[in-house]
Amino acid sequence: MAQKLITNTVSTKSIEVATHPELDLLLCCSRTQINTTTAKSIKTLVESNINWAHLIQMADRQGVLPLLYQSLNSTCPEAVPQTLLNQLRLRFQTNALYTLFLSEKLIKPCPCLKA
């Protein structure tokens, strides 16, 4: 008895997704390396009408504020409002100090482990 092969075909429709420039900018900046194409995208997005408070809130919630600062500072610091860049720098430095503090705690052996 021959088995009948049933195939399901799913039609794919293009779905148009509306994105916000803040989300696009965050996605571009949340990389450890920025190539020339991404740098151009960052510069273009920064020139659009960015809601900086929303961008920082999203970056903070996702834990990528240090990457946001590094990317903006290295790509187009002159296009970012100076007060905002200063705030991001302060948060970046605070994060770096906290990371060093935690690293020190990991390096120092616990006295209870010596026994």
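# A tour of a six-helix chain

Begin by selecting Phe-101, which sits in helix H5, the element that spans residues 82-107. The model on screen is a predicted one, and Phe-101 within it is partly exposed, having a relative accessible area of 40%. Add Tyr-98 and Leu-102 to the selection and show a surface: together with Phe-101 these residues make up a nonpolar surface patch, whose combined accessible area is about 300 Å².

**The whole chain**

Now widen the view to the full protein chain, which contains 6 helices and 0 strands, so that a cartoon coloured by element will read, starting at the N terminus, as α-α-α-α-α-α. Of the 115 residues in the chain, 24% are buried, while the surface that the chain exposes amounts to about 9200 Å², with carbon and sulfur atoms supplying 56% of that area. If you display contacts between residues at least 6 apart in sequence, 62% of them will be found to join residues at least 24 apart.

**Colouring by confidence**

Before looking at details, colour the chain by pLDDT, for which the mean is 84, with 79% of the residues reaching 70 or more. Helix H4 (residues 65-75) has the highest confidence, with a mean of 96, whereas the lowest is found in helix H6 (residues 111-114), where the mean is 62. Select residues 3-12 as well: the pLDDT there is below 50, and this stretch makes 0 contacts in the model beyond near neighbours in sequence.

**Helix H1 and its cover**

Next, select helix H1 (residues 21-29) and show the side chains of Glu-22, Leu-25, Leu-26, Cys-28 and Cys-29, which are buried. Looking along the axis of H1, you will find these residues on the same side of the helix, because the arc they cover is only 160°. Among the elements that cover the buried residues of H1 are helix H2 (36-47), helix H3 (52-62) and H4.

One residue to pick out in helix H2 is Thr-38, which is buried, at a relative accessible area of 7%. When residues up to four places away in sequence are set aside, Thr-38 touches Cys-28 and Arg-31, and Cys-28 is one of the buried residues of H1 that you have just displayed.

**Helix H4**

Move on to helix H4 and show Leu-65, Leu-68, Tyr-69, Ser-71, Leu-72 and Thr-75, which are its buried residues. Against which helices do the buried residues of H4 pack? Displaying the surrounding elements shows that they pack against H1, H2, H3 and H5.

Take Tyr-69 first, a residue of helix H4 that is buried, with 7% relative accessible area. Apart from neighbours within four places in sequence, Tyr-69 is in contact with Leu-85, Leu-88, Arg-89 and Phe-92. A distance drawn between the C-alpha atoms of Tyr-69 and Arg-91, which are 22 residues apart along the chain, comes to 8.7 Å.

Then centre on Thr-75, also in helix H4. Is Thr-75 buried or exposed? Its relative accessibility is 12%, and therefore Thr-75 counts as buried, the limit being under 20%. Leaving out residues up to four places away in sequence, Thr-75 touches Ile-34, Ala-39, Ile-42 and Lys-43. For Lys-43, 32 residues away along the chain, the separation from Thr-75 between C-alpha atoms is 7.2 Å.

Continue to Ala-79, which lies in the loop between H4 and H5 and is partly exposed, at a relative accessible area of 34%. From Ala-79, draw a line to Thr-44: the two are 35 residues apart in sequence, and their C-alpha atoms are 10.0 Å apart in space.

**The salt bridge**

For the last stop, how many salt bridges does a search of the whole structure find? The search finds 1, and you can display it by selecting the side chains of Arg-91 and Asp-60, which meet at 2.9 Å, N to O. Arg-91 belongs to helix H5 and Asp-60 to helix H3, so the pair ties together parts of the chain that are 31 residues apart in sequence. Side chains of opposite charge can pair when their charged atoms come close. With the surface switched on, Arg-91 will appear partly exposed, at 40% relative accessible area, and Asp-60 is likewise partly exposed, at 42%.

Terms used
Residues are numbered from 1 along each chain as its sequence is written. This is a predicted model: local features need pLDDT of at least 70, side-chain atom pairs count only at pLDDT 80 or more; totals for chains, interfaces and linings use all residues. Side-chain values use heavy atoms; hydrogens and water are left out. Patches are made of residues with over 30% relative accessible area and no salt bridge: like charges are joined within 9 Å, nonpolar side chains (Val, Leu, Ile, Met, Phe, Trp, Tyr) within 5 Å. Accessible areas come from the Shrake-Rupley method with a 1.4 Å probe; for residues, only the protein chains shown count as cover. A salt bridge is a side-chain nitrogen of Lys or Arg within 4 Å of a carboxyl oxygen of Asp or Glu. Helices (H or I, at least four residues) and strands (E, at least two) are DSSP runs, numbered from the N terminus. Buried means under 20% relative accessible area, exposed over 50%, partly exposed in between (1.4 Å probe, protein chains only). pLDDT is the predictor's confidence in each residue, from 0 to 100. Contact means heavy atoms within 4.5 Å. The arc is that of the directions from the helix axis to the C-beta atoms.
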